[in-house]
2 protein chains.
Amino acid sequence: MNAEKIPDIIVGRLPVYLRALQRMADKGLKTTSSQELGDQVGISAAQIRKDISQFGEFGKQGTGYSIEFLTERLRSILKVDRIWDVVVVGAGDMGHALSNYQGFADRGFHVVAIFDNKKEKVGSKIGEFTIEDTETMVERIKSMGVKIAMLTVPATAAQDVAKKLVQAGVRAILNYAPITLNVPNNVKVQYIDPSTHLQRMTFYL
Amino acid sequence: MNAEKIPDIIVGRLPVYLRALQRMADKGLKTTSSQELGDQVGISAAQIRKDISQFGEFGKQGTGYSIEFLTERLRSILKVDRIWDVVVVGAGDMGHALSNYQGFADRGFHVVAIFDNKKEKVGSKIGEFTIEDTETMVERIKSMGVKIAMLTVPATAAQDVAKKLVQAGVRAILNYAPITLNVPNNVKVQYIDPSTHLQRMTFYL
DNA sequence: AAGCACTTGTACCGAATTGTACAAAATCAT
DNA sequence: ATGATTTTGTACAATTCGGTACAAGTGCTT
């Protein structure tokens, strides 16, 4: 499989499959089917089979998929068969919550530093982290070789910080600021904005 | 325009347009074009024109769109030309952050209560809110007539809580728990799971 | 007043995505 | 062993989605 040829919409579903598989494994299950997995994640069985088959023939007729094997394959495909270091920029409530979040460890991520530009915050602790100054951020990120950042600064500051992150070599940004970021093509951005997500649902109310 | 006929993918882009328009208005701008708006949000101008034209002819040739008028129309279409009461379930770090979040007010939402099932948390304060017991949640939500909930409980509890929310009349759930929820067709769910979003990007690294 | 530049809304078309259906393989029951 | 059942992977069809192109309206300049 060539990464360039896989549609983004399929890539977007893989983490959902992986998440469901990990839950099944936690329950002690050994195998599953596209039907069962589809019921779990609310996607048609055919869709799941087609998505998975983009990367190889991982199933067995009559039996379905080995949960362990499929999990391993998906982790490899998504490159989370390793641990990625991640930095948090913005030490507000959201940065705080992400720094403490226990849900990264078994999904392939590890927060290694948190930055803020408020001098009065710099130096204070969040859990085990000491908040660092954004002034030194670019060098710190470069020296650690971090490729992933989570951005929880105010919208007004987000574009500037994003530019710095790109300078520092960051290639993936999870943006919590309610603004669309302008970044080079080789940098990926995912957006998390609760108001936007809510507005997407009020349409149907 | 008939709500049933509008593709979900278009509905999903409208809040992004609205967000960009509100930023333009804040800057004092009066009009914009599909080209300019598209540059802001990273979507082609033709796409934006087509999306907007689903709901009427809001632009003017040669001039573009009145920011104020288009904002007003989008707010009406998305039904955020009013304030929706929202409850938070789960008083962990994320529930805490959402309860304090200042970004809801001018986007159509207002947090009115926060619930948790941990007896030792119930009664304590988060900002102006007193954490309430999930045992009384269904009745409280019913009596307040709340239709929207944000779910920040652990994955293991999420499905049970979601069921209760549906019983209470909630029609839209913003789910922060890393699990797919099973809800009736007339209930909408949006998913926010940082690990899933990050995994969607590591594929390209 | 005439020409130019800008911009919308939409018709048309190709690309992307999803659904349907089934042959082939594997397991299970008797 | 044989037939019934389950399930995958994929060919084909249908649908959805996005890009291209342009007529027509608007405002600006000279």
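Visitor: What rotation superposes chain A on chain B?
Guide: The model is a predicted one. Chain A falls on chain B with an RMSD of 0.0 Å, and the shift along the axis is 0.0 Å. The rotation is 180°.

Visitor: Which kind of axis has that relation?
Guide: The superposition takes a rotation of 180° with 0.0 Å of shift along its axis. This is therefore the relation of a two-fold axis.

Visitor: What share of the interface residues of chain A are also interface residues in chain B?
Guide: The copies meet through the same surface. That follows because the interface residues of chain A recur in the interface of chain B at a share of 98%.

Visitor: How far apart are the C-alpha centres of domain 1 and domain 2 of chain A?
Guide: Chain A is split into domain 1 (3-77) and domain 2 (84-198). Their C-alpha centres are separated by 30 Å.

Visitor: Where in chain A does Lys79(A) lie?
Guide: Lys79(A) is not a glycine, yet its phi is positive, about 65°. Its place in chain A is the loop between helix H4 (67-77) and strand E4 (84-89).

Visitor: What is the phi of Lys79(B)?
Guide: Lys79(B) sits in the chain B loop between helix H4 (67-77) and strand E4 (84-89). Lys79(B) is not a glycine, but its phi is positive, at about 60°.

Visitor: Which residue has a side-chain N or O atom 2.6 Å from a base oxygen of DNA strand C?
Guide: There are 26 residues around DNA strand C. Those that come nearest are Ser34(B), Arg49(B), Gly59(B), Tyr65(B) and Lys50(A). The side chain 2.6 Å from the base oxygen is that of Lys50(A).

Visitor: How far is a polar backbone atom of Gly62(B) from a sugar or linking oxygen of DNA strand C?
Guide: Backbone contacts to DNA strand C come from both chains. In chain A, a backbone N or O atom of Gln61(A) is 3.0 Å from a sugar or linking oxygen. In chain B, the polar backbone atom of Gly62(B) is at 3.2 Å.

Visitor: Which element gives the most to the surface near DNA strand C?
Guide: From chain A, helix H1 (8-26) and helix H3 (45-53) each give two or more residues. From chain B, helix H3 (45-53), strand E2 (59-60) and strand E3 (64-66) do so. With four residues, the top contributor is H3(A).

Visitor: How many charged residues has the surface near DNA strand C?
Guide: Five residues there are nonpolar and 13 are polar. The charged ones number eight.

Visitor: What share of the atoms of DNA strand D within 4 Å of the protein belong to sugar or phosphate?
Guide: DNA strand D is surrounded by 26 residues, and Ser34(A), Arg49(A), Tyr65(A), Lys50(B) and Gly62(B) are the closest. Some of the strand D atoms within 4 Å of the protein belong to bases. The rest, in sugar or phosphate, make up 62%.

Visitor: Which residue has a polar backbone atom 2.8 Å from a base nitrogen of DNA strand D?
Guide: Two contacts reach sugar or linking oxygens of DNA strand D. One is from a polar backbone atom of Gly62(A), at 3.3 Å, and another is from a polar side-chain atom of Gln47(B), at 3.2 Å. The base nitrogen is contacted by Gly62(B).

Visitor: Which element provides the largest share of the surface near DNA strand D?
Guide: H3, strand E2 (59-60) and strand E3 (64-66) of chain A give two or more residues each, as do helix H1 (8-26) and H3 of chain B. The largest share is four residues, from H3(B).

Definitions and conventions:
Residues are numbered from 1 along each chain as its sequence is written. Chains are lettered from A and ligands numbered from 1 in the order in which they are written. This is a predicted model: local features need pLDDT of at least 70, side-chain atom pairs count only at pLDDT 80 or more; totals for chains, interfaces and linings use all residues. Side-chain values use heavy atoms; hydrogens and water are left out. Domain bounds come from an automatic or database domain assignment. A residue is near a molecule or strand if one of its heavy atoms lies within 4 Å of it. A polar contact is a pair of N or O atoms within 3.5 Å; within protein, one must be able to donate a hydrogen and the other to accept it, and residues adjacent in sequence count only if both atoms are side-chain atoms. Ala, Val, Leu, Ile, Met, Phe, Trp, Tyr, Cys and Pro count as nonpolar, Asp, Glu, Lys and Arg as charged, and the others, Gly among them, as polar. Copies are superposed by least squares on the C-alpha atoms of residues with pLDDT of at least 70 in both. Contact means heavy atoms within 4.5 Å.
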